[in-house]
Amino acid sequence: MEAVSAPSQEELGGFGFAEPARAARSLAALSVQLSERDAASALEAARASPSPDACLAALERCAPALARLSETARAELLPSLAAAIDASDLTARLISARSRLPAWLYCALSAGRRRPPEALNRKAVAAATRSDLGEREALPRRLRRLKYRELLRIVAREALLLGPPDELGKEMSHLAQACVQAALTGTFRELRQRFGAPEGQGLGFCVFGLGKLGGEDLNFSSDVDLIYLYREEGQTSGGFEGSLSHAQFFAKLAEGTTRALSAVTGDGFCFRVDLNLRPAGRGGAIVLSLAQTVGYYETQGRTWERAALIKARPIAGELALGEELLQQLAPFLFPRSLDLAAVDELRELKHQIDLRGKASAADLKLGQGGIREIEFFANALQLLHGGKRPSLRERNTVRALRKLEQAGLLSAPDADALEEAYLFLRRAENRLQMLEERQIHSLPEAPLERARLARGLGFQDWAGFLGELERHRAYVRGAFSTLLGQTAREEVPDEPLLALALDLDAPEAERSAALEERGFADPDRALAAIGRLARSGAVQFTQGPSGPGLEAVRLLAEVARTPDPDQALQLFAEFVSVLVAPQGYLGLLAAAPSASRRLLNLFGQSEYLSRYFLRHPELLDALVQPAFEEVHKEPERIRAELSARVHRHSDSEARLSAMRRCKNEEVLRIGLYDIAGELEVPEVSRQLTALADGAIDEALFLALAEADERYGRPTGGARPSLAVVGMGKLGGRELGYHSDLDLIFVYSGSGDEETEGGSKGRLSHHEYFAKVVQRLLTFLSMQLREGALYKVDTRLRPSGNQGPLVVNQASLRDHHEKRAKLWERQALIKAREVAGDFSLGRRLVREIIEPLVYLRPLPPDAAAEIDRMRMRMEREVAREGGDQLNPKVGQGGLVDVEFAVQYLQLLHGAAHPEARTASTLEALSALEEQGCLPAADARALREGYLFHRRVENRLRLVHGYSLSSMPTEGRPLSLLARRLGYLGSEPGRTFLEEYRSWAGRVREVYRRILRIGARGFPSA
């Protein structure tokens, strides 16, 4: 082989060696122990190192072990070995101590892949089972030798960048997991010999890995966070030292496993063990039973423990036992409803991380924009949303970020940037720890160490590395600072008046004047509400030395933008005062600005809906969920959801309560979108009607079941049944808030036959159906904790209040053919089957009601009779004057539209079946299409109807009861106008002018249709 000449000391100095003489001696030694060619290869590798002297000296130390390899193997291994030496001082120390390692490393690197976890586990457990039970140090020694051999391979692969950035974390996790299992196996063998085996099937003991071990992302030099668990109490079978209770036996097993892993011996240590995450922390028992562990977390578990348990993974022992614990803890870890107190605790944890970060600028883990902030970012979103989105229950941080992206909680660019930052920071952190196998996270200060770190990560110099580090940290800082409603910017919004009003140190007169200028009508009362907020315990309103908090100013600004700021502030203060953990709720609102605006707008719009919300603040959970964003719900969906909620319960009272809760929540949802302008009047009515239809049907089901149990079912060939027919606005699918339900009840058959008999005997069919209807009416109107469902009006039945509550088909036909008045015929226009036997209901409408309404000739004075009834309503009910108007029964109001349309339906329904509909708007369209109503008149009636329905709905939303009278002056008028969306300096005047315009146009069309002369209109 051709000789390779050795460089002179002068040349070595030119190559960058600080001590050329020493380098020359090392090269000479390498030439003797290996070969001149190996010495030349070592020189070339050292020249590329950030520290040529240290690299060459380390290679010299490895020479005796390298001499055991063939020249070919040495030639291939030397560059890799030099890279590993640059990455870690551990490399030379291990090889110089264990001469067989170079050959093992050469084979491992030649395989070109990472070690499968199963292979590691087999080797570790084999080491444990080969250990002599009588030699206490055999197991620790074998484990440490296994660990350091694998560490050498991991260092070399990482130094050569042979795997993706997250591979080292997986390799270290699998190595630790194998060592834990081996330590457990060896310790159990010894204890079983001394005390016998525990009772029951299997080992009955499990080890959990938490933190980065649980997430399969363990650092190069890191503690392993462990929790120990045993299944149940019992006694061991006994050994040469006697028998122990399970608690004693498994405590010894946990202690022995910990000691086998963490004790420092002549071979080093295996893994440092941290047990501080166990229940009750340092003060808790080293191991608990399954029942004790579940009980602890269910009664004492804190938010930080939930965050820690996100990463909990069974890693050794009886893994099925570990999975059983996680399954039982799922409601604690990921509650279905947002735990708003926990949100506040998360914010506190965030503050602690932030404070520590400011004091640890050089720390890659704890510093601002560091690893801990990314982990907390992912964990916080998992804790908040994992209850309803099981896909987010992910232990690994990178995979968790991707699942947050898939769930729509994180944009793709944000997920990409955070993943890139996390992998960069983790790789840099691992390189730091590789240098000396120390648990460090801070950037080095020595130039040589900085150069080693930068070069090892692929950067030419330290400045290049720092630039990339700052880019990632800046992005992480931004994401972390905006999490949970926190912002990096602390300037107060442009609301100086509100900032003054919130300043408890300012003179009260100035604060009151500021509120008045900002639009509060009763500033003194508003100041009192602000005082209640300050005393509520909500940190957002706890004033610091610099004045009011940013979030308080923002919230008050939202309040001031509502239609009625005074009402909104009073209700908001009341809302905060009833909360157990107000800062948690307010933190959630700050993190969800759209929900915050919606809630405060609700407080400023509807006292009725707000009062329900105050009684049930847990609805805030629904308010911020994506499902609540569903504006347009199909009637079938509403009915199906109501039915599903009702049938979760078995007894009647629970079902009735579920109906009321569902109705209240749906009315809240509909009302919120109505006042936000996202639902048009017909859609509001359609959804409210679907809700009522479903409630009637479910209540009837309960009433029938109860009657069947007491009296038996009706008998007969064609079994008699009951149809519930909706009239009025229910029949027309035109329900508003607080509308009564106009109902009539019709059964099939004669009514004389008897039921089958039950616990209370038999009844005639008529008596049976009367009992059913009475019970139905009770179910609908009875007051429970959640209120009543609906008020029911049955006066439209044949003969009104004087007639029977239920009638059969023949009685219904007979009454309307012989005794009914014109207004009763007119009322039947709105008839629609809503519950019970739908086929019977449809036959009633098609075969009896439609012929009675449309196929008989109208009396010659029909128009005059309808108008007389209309005017009587106007005089006796509307009572309009200068101080109030009535959009329902007043001049040009809703009843004008309804009576005009119904008259035309009576007049033309026989010739035009398309006009036979219970819906006013559908009838208008049909009459226009059939040429029975001029397009201009149809348009005036349609637009006037929608205008008045909006006004009526808003009046009822405000007051919480059926109120039709409308103010015509002052602040009440102005507030109503603002609630309807009128702005400007005089919203009341603008609204009133538009109201009078529409009322006049509707009355004019009404007069034309019913062929009557002009009448006066109330003066302004």
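I began with charges over rings in this predicted model, and I found the charged end of Lys 147 over the ring of Phe 271, at 5.6 Å from its centre. I then noted Arg 47, which lies over the face of Phe 15 with a distance of 3.8 Å to the ring centre.

Next I turned to the aromatic pairs, for which my count came to 21. I looked up Phe 575 and Phe 613 in detail, and I recorded a tilted pair with 5.7 Å from centre to centre and 50° between the planes. I placed Phe 575 in helix H26, residues 565-578, and Phe 613 in helix H29, residues 607-615, so this pair ties together parts that lie 38 residues apart in sequence. I also checked the accessibility of these two rings, and I have both Phe 575 and Phe 613 down as buried.

I followed the ring pairs elsewhere and noted a cluster in which they link Phe 188, Phe 205, Tyr 228, Tyr 230, Phe 249 and Phe 250.

My last entries concern the cysteines, where I asked how many disulfides the count comes to. I arrived at zero disulfides. For Cys 107 I looked up the closest cysteine sulfur, which belongs to Cys 62, and because the two sulfurs are 17 Å apart I wrote this down as too far for a bond, the cut-off for a disulfide being within 2.5 Å. I listed Cys 107 as exposed because its relative accessibility is 54%, whereas I listed Cys 662 as buried because its relative accessibility is 4%.

Terms used. Residues numbered from 1 in each chain as written. Predicted model: local features only at pLDDT ≥ 70, side-chain atom pairs only at ≥ 80, totals over all residues. Heavy atoms only, no water. Buried < 20%, exposed > 50% of the residue type's maximum accessible area, 1.4 Å probe, protein only. Phe/Tyr/Trp six-rings, centres within 6.5 Å; stacked < 30°, edge-to-face > 60°. Helix = DSSP H or I, 4+ residues; strand = E, 2+ residues; numbered from the N terminus. Lys NZ or Arg CZ within 6 Å of the ring centre and 35° of its normal.
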